[in-house]
Structures are given as C-alpha cells and as structure tokens.
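Colleague: I would like to learn how to read a protein model one feature at a time. Please start with single residues and then move on to surfaces and pockets.

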Amino acid sequence: VERCAALSERLDLFQVLLDHPDALEQLRKRPLKGSRQWHVWLKLDCGNGRAGVLHSEPGSLQLAQAIAEADGVELTGVYAHCGNTYNCRGVEQIQTVAQETTNLTLQFMDKLKAFGISCKSSIGSTPSCSHPVQDMGKLSEVHPGNYVFYDVQQSMIGSCTLDDVAVKVLTRVIGHCPHRNQLLVDCGWAGISLDGGGKLPTGYAVIEGHPNLK
C-alpha cells in the first residue's frame, strides 16, 4: 500500500485494481496527501475464474458501492478479463466468450447506474480484442495484453496468423548433444512461448527457417 501511495502522490495518474473489501479498507486507512484520491478499478469475474468478485454475487455490487462512497477513494471503473478465450480455437469460439463477458459487464454497469453510480467499463484479453464483437463498442475501453506484438500461441488460438507476430526471440546454439539428438540454446524458459504449454507441433516455439527442429 505504501508503494502504491508513493506513486499515487507523485504521478499525475496511478490506478489500482481490487476485488476484496479488505483491500479497500487498506486504502481507506492510508489517505493520500494533498487532497489526492485513490483511483480504483473493481475487478469483476465474468467466467474467467482467476481474479475478481463474481459478477452474480450480491457482494460485487456492494463492494462497488463501498468504493464509490469511501472518503478519499474514487471508483474509476469496472474491469473484467476474459482470459477464458485462451481455451478457444477459432473466431467463433473467441467471439462467443467476448460477447458473454461484454454482456455481463454491461449488465453490471446498468445495476450500478440504478444506484446512481457512474464509472468506466472495460474488458480485456488479446483474443477478444483481436475479434471484437459489436457490443464491445458500448464499453469505455478495452485492455488487451500482448495484442500489440502477438506470439505463436495467439496464432494457435486464432487471434492472428504467424505473419502478424511482430517479435522474435534471438538465441544462440551453445551446445550439441548427439546422443540425445539435442541442441542446447541460451534462451530462458520464459523467453519462449511459455503460455503455449509445449502444445505446438514444434514444442514451445517456431524456429524460423527450420520447420524440422522442435
């Protein structure tokens, strides 16, 4: 909280994301200097199952109200990450998840309006933002992640083609083990397409110009 407070007091805009009343209480206990306010986004779980208050639970609406009413705190927006698009294959499946997440987020915003609460709305995930549904235009913003670069895993999902991938990892062959039929490279584990989980035909990466290598 102190690190976030220091940034909030120093920068023109610093925003935090929370999904639990205890987190809000920590912010309330640490008012910002100079009449500044905490800029808070409420994280909403619309089926991704990773982080966020469940959209259907009464507690999610109560937490949004508590943020909006807290002294020294502003409810900047509501954000849902549709990371469940990463289980999809192809545009139709991706858009089905994107539509559901958008619908649930917009429905939550309508509930907030009924209580006189107005703030931004946003969803994110590279697959959903790569194939947006029309209703996403009713949201304030979208927050995709590696959409700006793409990677091999995104091409597997159907977010893009391999030609759309704008970054490469440069590594060197530093060893050869004929008895294992292996080359050793000095590329870190996380430097390659870790999210792909080794499910590519070539393992964890596509090696440019060498489709026979895995």
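Modeller: We will go through burial, contacts, a surface patch and a pocket, keeping in mind that this is a predicted model.

Colleague: Is T102 buried or exposed?

Modeller: The general idea is a cut-off: a residue counts as buried when its relative accessible area is under 20%. T102 has a relative accessible area of 0%, so T102 is buried. This residue sits in helix α4, which covers residues 91-114.

Colleague: Which residues does T102 touch, leaving aside those up to four places away in sequence?

Modeller: Two residues are in contact when they have heavy atoms within 4.5 Å of each other. With residues up to four places away in sequence left out, T102 touches I123, V133, D135, M136 and L139.

Colleague: Where is H131, and how does its accessibility read?

Modeller: H131 is in the loop between α5 (126-130) and β6 (141-142). Its relative accessibility is 18%, and because the cut-off for buried is under 20%, H131 counts as buried. Under the sequence limit of four places, H131 touches V91, I94, Q95, G158 and S159.

Colleague: What about D163: buried or exposed?

Modeller: Exposed means over 50% relative accessible area. D163 is at 76%, so D163 counts as exposed. This residue also lies in a loop, the one between α6 (152-157) and β7 (173-177).

Colleague: How far is D163 from Y150, in sequence and in space?

Modeller: These are two separate readings. Along the sequence, D163 and Y150 are 13 residues apart. In space, their C-alpha atoms are 9.9 Å apart.

Colleague: Which residues make the nonpolar surface patch?

Modeller: A patch is read as a group, not residue by residue. Here V173, L183, V185, I207 and L213 make a nonpolar patch of about 380 Å². V173, one of these, lies in strand β7. At 55% relative accessibility, V173 counts as exposed, because the cut-off is over 50%.

Colleague: What is the volume of the largest pocket, and how many residues line it?

Modeller: For a pocket, read the volume and then the lining. The largest pocket has a volume of about 1600 Å³, and 41 residues line it. The elements giving two or more residues to that lining are β7 and β8 (182-185). Strand β8 provides the largest share, four residues.

Colleague: Which lining residues lie nearest the centre of the largest pocket?

Modeller: T171, I192, A205, V206 and I207 lie nearest its centre. I207 also belongs to the nonpolar patch.

Key. Residues numbered from 1 in each chain as written. Predicted model: local features only at pLDDT ≥ 70, side-chain atom pairs only at ≥ 80, totals over all residues. Heavy atoms only, no water. Buried < 20%, exposed > 50% of the residue type's maximum accessible area, 1.4 Å probe, protein only. Patch = residues over 30% accessible without salt bridge, like charges linked within 9 Å, V, L, I, M, F, W, Y side chains within 5 Å. Areas by Shrake-Rupley, 256 points an atom, 1.4 Å probe, with all protein chains shown as cover. Salt bridge = Lys/Arg side-chain N within 4 Å of Asp/Glu carboxyl O. 1 Å grid on protein atoms, 1.4 Å probe; cavity = no way out; pocket = protein on both sides within 12 Å on 5 of 7 lines; lining within 4 Å. Points joined across faces, edges and corners; volume = space filled by probe spheres on them.
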